Amino acid sequence: MNEEAITIKLTRDQAFVLSDWLYQVMLQSDDLEGIVHDRAVWSPIYAISGTLDKTLSEIFMPDYGSRL
């Protein structure tokens, strides 16, 4: 299997919205299994979410809601 990394390009706004959606689905609603039935897909979803969390300073800002 080829383990070459893949780059996905998003605007900062797109990344911010995706990060919030992933947070809602994965952590707050705990409904990832209800949305994504194939557990093999969970690993890349968690990898994307973790990368967004490390990249986006906006998620830690006090005006998070209004920015979103």
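Guide: Helices are DSSP runs of H or I with at least four residues, strands are runs of E with at least two, and both are numbered from the N terminus. This is a predicted model, with residues numbered from 1 along each chain as its sequence is written. Local features need pLDDT of at least 70, side-chain atom pairs need 80 or more, totals for chains, interfaces and linings use all residues, and side-chain values use heavy atoms, without hydrogens or water.

Visitor: Where is the place of Ser49?
Guide: Look along the helices. Ser49 lies in helix 3.

Visitor: Is Ser49 buried or exposed?
Guide: Buried means under 20% relative accessible area, exposed over 50%, partly exposed in between (1.4 Å probe, protein chains only). Ser49 has 11%, so the residue is buried.

Visitor: Leaving aside neighbours within four places in sequence, which residues is Ser49 in contact with?
Guide: Contact means heavy atoms within 4.5 Å. With those neighbours within four places left out, Ser49 touches Leu22 and Met26.

Visitor: And which residues is Met26 in contact with, by that count?
Guide: Neighbours within four places in sequence are again left aside. Ser49 appears here too. The full list for Met26 is Leu32, Ile45, Tyr46 and Ser49.

Visitor: Which element gives the most to the largest nonpolar core?
Guide: A nonpolar core joins buried Ala, Val, Leu, Ile, Met, Phe, Trp, Tyr and Cys residues through side-chain atoms within 4.5 Å. The largest one has 12 residues, including Phe16, Leu22, Met26, Trp42 and Ile45. Helix 1 and helix 3 are the elements that give two or more residues to this core. The top giver, with 5 residues, is helix 1.

Visitor: How many salt bridges does the structure hold?
Guide: A salt bridge puts a side-chain nitrogen of Lys or Arg within 4 Å of a carboxyl oxygen of Asp or Glu. In this structure the number is 2.

Visitor: How many residues apart are Glu58 and Arg12?
Guide: Glu58 and Arg12 form a salt bridge, with their closest N and O atoms 2.6 Å apart. This pair links distant parts of the chain. Glu58 sits in the loop between helix 3 (42-55) and helix 4 (64-67), while Arg12 is in helix 1 (residues 12-28). Their separation along the chain is 46 residues.

Visitor: What is the relative accessible area of Glu58?
Guide: Its partner Arg12 is partly exposed, at 43%. Glu58 is buried, at 11%.

Visitor: Which residues is Glu58 in contact with, leaving aside neighbours within four places in sequence?
Guide: Start with the salt bridge partner, Arg12. With neighbours within four places set aside, the list is Arg12, Phe16, Tyr64 and Arg67.

Visitor: Which side chain does Asp63 meet in a salt bridge?
Guide: Asp63 is partly exposed, with a relative accessible area of 31%. Its partner is partly exposed as well, at 41%. The N to O distance is 2.9 Å, and the partner is Arg67.

Visitor: What is the angle between the planes of Phe16 and Tyr64?
Guide: Rings of Phe, Tyr and Trp (its six-membered ring) pair if their centres lie within 6.5 Å; planes under 30 degrees apart are stacked, over 60 edge-to-face, the rest tilted. The count is 1 aromatic pair. Phe16 and Tyr64 form it edge-to-face, 5.2 Å centre to centre, with a plane angle of 80°.

Visitor: How far apart in the chain are those two, Phe16 and Tyr64?
Guide: Phe16 is in helix 1 and Tyr64 in helix 4. The pair links distant parts of the chain, at a separation of 48 residues.
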